[in-house]
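Please open the model in a viewer and keep the sequence panel visible. The stops below are arranged so that each selection leads to the next.

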Amino acid sequence: MSLMVAAFFDVLVVPSSEFQEPRIVVLDSPPSVGASCQVIAGFGANSWWRCFIFESELGHLFAGMVIGNIFHFKESSWPPEEYVNRTTLKLLDFDGGAPPKYAWRRRLNSHANRLKEFSVTFMEAVRMLRLGVRLWSYAREEASQGRKAPINPFPREKCKPSASQGVPLGGMGSGSISRGFRGEFKHWQIIPGSCETSPIMADQFSIFISRDGGNKKYSSVLAPGHHEGLRKNGDLGISSWDWKLTGQHSTYHALFPRAWTVYDGEPDPDLKISCRQISPFLPHDYRESSLPTVVFVYTLVNTGRERAKVSLLMTWANSIGGISHHSGGHTNEPFLGEDGVAGVLLHHKTANDNPPVTFAIAASETQNVTVTVLPNFGLSDENYVTAKDMWDIMVQDGQFERENFNSSSSMPSCTSDTICAAVSASTWVEPNGTCTVVFAVAWSSPKVKFQKGCTYNRRYTKFYGTSERSAINLVHDALKNYKWWEEEIEKWQNPILQNEKLPEWYKFTLFNELYFLVAGGTVWTDGETPTFEEVSRNDNHHKSPKGKRHKSALKDKHVSFIAEKTSSVINLNNERISPPISKLEADGNAVLGDEPAQADLVLHPQHDSENVGRFLYLEGVEYVMWCTYDVHYYASFALLGLFPKIELSIQRDFARAVLHEDRSKVKLLADGSWGIRKAKGAIPHDLGMHDPWNEMNAYNIHDTSKWKDLNPKFVLQVYRDFAATGDISFGSEVWPAVCAAIDYMEQFDRDGDGLIENDGFPDQTYDIWTVHGVSAYCGCLWLAALQAAAAMAQRLGDSAFAEKCKIKFLKAKPVFEAKLWNGSYFNYDSSSRSIQADQLAGQWYTAASGLPLLFDESKIRSTLQKIFEYNVMKVKGGRMGAVNGMNPNGTVDESCMQSREIWTGVTYSLAATMLLHGMEQQAFATAEGIFIVGWSEEGFGYWFQTPEAWTTDGHYRSLIYMRPLAIWAMQWALSPPKTMLEAPNLNIMDRLHTSSLNSSSTHDGSARNVSQRSCFGNVVCHCDC
């Protein structure tokens, strides 16, 4: 290893190829020109000054000492010029075809490496053996009933996960399709809770170019042919197509919800091509953001001397992923719509009685663009024009017969047949001329059916109706409105992208992590009462409104939802508020003989003018549970900042759930014991899987009614949402549930000191990491919840409950500090001194909600600094995120699998906490580790599939996970809401004086302007619904 030493202090300059770990470096003046150098970061014992060395454009080495992350100050770490020729960028810039300055980028010939899944150690396997056996048995039992287990680590995907993901298609909650950065359509999630990961390789864009009177021709699929099964000799299917694109001069640029693919001279050296993918994800727009459609805008620039005839082709299989195209009964038909919109409808008959799906693929015909279609072709030589024949027609003519629009709907496909459709858009591009060609895809699946019978209308049907043929209107509107979509997207994104004080990697990663709100299995209903499909023994079906089922149908259900009798409170208008009444009580069906009764659709949504429907998203595509609440605690900042009405809808769902119980028996897989599905007063772990909102707690490893984090998290989220939106009606509506949630926790204060204790098992979100007695994580959450409840009680005029929470807080706080504070941080629990990265989870919400600090600022900063120095910097030099647990001696806590993992969402939330306490540089250095591992070229390839966790060697657990949306908590800290209800003028350590607010407070919302952070003044994360 060659070294270079400079005077004044020791300076270590290490060649890039030999650089391994950061070292302490202090520089006084620029050293002499030397070898190519790597950034070096070092941290002193009593400070954390960061030093850097970089090579200038003139080849000289410059050095300096700054506080913070080198990438924070690097001017342009991902410039488009490094991926696309400058001249090409200028040529494509005329209609938005040029990729943006800030985006995630890849070359299309980049290797999509297989991802490495986590494994347990021998001792971990021994400890979890019995759990594994029970989990395997439960998964088999569910499979025998035709259902998936919510957690099933045993089956292996036929399509192994790889580093090939890209921006998903469409809006939220209407079924999603992802598209890899190399162009393949994959990860189909049309059926709720089901994800077909394999790409459908017939779904492609292709190009055909003819110059010089046809003497010079180019044709190619616009994707590299790096896939198994392609290029089979003699094949009449897609292997017969021209897969000529190498990807060497083609690049992908992602800034969710848009993506650009630039073909810089491929396949024609004299034709520059940009494909811009645009989805209707528009914050605060609850209509457009629900639409299942996407637009592809092709920008063509002819740099040659001859005019070129260019034909773009879109092909699409009648499939919803997997082997669904082989199920039979599918039909295709052409259509000519309004305003020159033309294409093909593909009617897909789903299996297992799932609702049908209709795709529309279309292009926009203009004065310069001609659209033709081939409604049917097949992948073999039976019954249809073959894929090879279709390709040969395009090579020869560049378009199909116009008469094809007169074709009627095709005969239903046979099983094992794959029918496809094609849409061609042809144009002439003059020398040095430009042209734009626009395609769109829509998928209309108006009904969403869950496996235990409930069927709902999706949100978009409020605007487009419940016919599958609405796909025609969806593509029409997409083709006409996409420019407006882009204007709205840019208005939203530009304040962040143009903020020069933000690290470059952060800007585009912030937006790209939002992919989960589309690709995270989201379901968005219209909020109306569902229908219920009952299955009789002879397999006959009939549908009826679930609220009208005969009483006898209830006897077979062993569920009892009972409303908690919570005393009424006085609202801001001095009106008495009654607790929610269950549908069970309203119908007078409290008792049916000696059988426990089931409430009939207990968790009805509120029907009002502001009804935005009901929203579900998965914990992860591998952990199939809707709206997992302990994880939503981290992810919810994204919804609150961008779609606050959805966030309030989710909180209302959980508030209604608090006051009910479900006495049906559930086997707990951790120890094999039996418990009830849902206890009164307990926040459910999730809203269910097979019958969400009605059969909750799909999670059955532990009894989550004994978890110590769920109820405090509910109180904290409700207060934050109440304060951020200023929605008094929301606060009044959920207040009985807040009271019940606090009261429920009293049973866990075993010794009467006001502080809850953990019970010697993993009774919180870290569901493998055992906790004993008082713990930093749950104890801090409890203290924060007491303070939030007291503040909310005062706001709503419930002085008695405010006093009750204050007394508990004053009693518990000194106990917490006495038992856990060790001088520099809070111990993990009563028996371990492990440094937990997430120990200030309660203080995070306290600061984010504008409440008084739980502890002295010096203790908070000391704790955060300790976590930064140990959990962050002692793991690969701070380049991986924050490990969950770290021993005081500087070694990773390996007491269990989760203690040694790095959780992506927890790292982001830790960074948010640092930002809230003025530690901006530590915050970005911490969060950058997630970018390096997950999103950078030197990382492990987790882009657009950010996992829950990875180990220090980069092995992942649970891809496409909810918690990393916590990066939006960082943005919340940087740019808090424009207005927020001011915390009551209350020092929690003094006597609490409460009084009902007068009516004038209701009108102005008691809002105050929230001061902006000194370095980040742009307000971009607001809660103006």
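Begin with the whole chain: of its 1025 residues, 63% are buried, a term that means under 20% relative accessible area, whereas exposed means over 50% and partly exposed lies in between (1.4 Å probe, protein chains only). The model is a predicted one, in which local features need pLDDT of at least 70 and side-chain atom pairs count only at pLDDT 80 or more, while totals for chains, interfaces and linings use all residues. Residues are numbered from 1 along each chain as its sequence is written, and side-chain values use heavy atoms, with hydrogens and water left out.

**Whole chain, coloured by confidence**

Colour the chain by pLDDT, the predictor's confidence in each residue on a scale from 0 to 100. The mean for the chain is 82, and 80% of the residues reach 70 or more. Select residues 988–1024, where pLDDT is below 50. Then select residues 1–76: pLDDT stays under 50 there as well, and the model has 143 contacts beyond four places in sequence for this stretch; a contact means heavy atoms within 4.5 Å.

Switch to a cartoon view. The chain has 22 helices and 37 strands; these are DSSP runs numbered from the N terminus, helices being H or I with at least four residues and strands E with at least two. Among contacts with a separation of 6 or more, 70% are between residues 24 or more positions apart. The accessible surface is about 37,100 Å², and carbon and sulfur atoms account for 48% of that area, as computed by the Shrake-Rupley method with a 1.4 Å probe, where for residues only the protein chains shown count as cover.

**Strand E6 and its partners**

Select strand E6, residues 204–211, in which 8 of 8 residues are buried. In a regular strand the side chains alternate between the two faces of the sheet. On one side of E6 are Gln204, Ser206, Phe208 and Ser210, and on the other Phe205, Ile207, Ile209 and Arg211, all of them buried.

Add strand E12, residues 308–317, which runs antiparallel to E6 and is joined to it by 8 bridges; two strands pair if DSSP finds at least two bridges between them. Ser210 has Lys309 as its bridge partner in E12. Next add strand E7, residues 216–221, also antiparallel to E6 and joined to it by 6 bridges. Here Phe208 is partnered by Ser219. E6 and E7 form a hairpin with 4 residues between them, and Asp212 in the turn has a positive phi of about 55°.

Step back to Ile200, in the loop between strand E5 (185–189) and E6. Why does Ile200 count as buried? Ile200 counts as buried because its relative accessible area is 8%. Beyond its neighbours within four places in sequence, its contacts include Phe185, Trp188, Ala317 and His325. The C-alpha atoms of Ile200 and Lys186 are 6.5 Å apart, although 14 residues separate the two along the chain.

**Two cis peptide bonds**

Select Phe256 and Pro257, joined by a cis peptide bond with omega of about 10°. Pro257 lies in the loop between strand E8 (250–255) and strand E9 (258–264). Then select Glu266 and Pro267, where a cis peptide bond has omega of about -5°; Pro267 is in the loop between E9 and strand E10 (271–278).

**The nonpolar core**

Show the side chains of Phe439, Leu514, Tyr617 and Phe714, which touch the most other members of the largest nonpolar core, a set of 299 residues. Such a core consists of buried Ala, Val, Leu, Ile, Met, Phe, Trp, Tyr and Cys residues joined through side-chain atoms within 4.5 Å. Helix H15 (residues 776–796) supplies the largest share of this core, 17 residues. Centre on Phe714, whose contacts beyond four places in sequence include Tyr629, Phe654, Ile683 and Ala741.

Trp693 is in the loop between strand E28 (674–678) and helix H13 (710–725). Its phi is positive, about 80°, although it is not a glycine, and its relative accessibility is 0%, so Trp693 counts as buried.

**Last stop: a sheet of three strands**

Select E33, E34 and E35, an open antiparallel sheet in that order. Strand E33 (902–903) and strand E35 (956–957) are at the edges, because each has a single partner strand. Trp903 stands opposite Ala949 in E34. Finish at Ser958, in the loop between E35 and helix H21 (967–974), with a positive phi near 65°.
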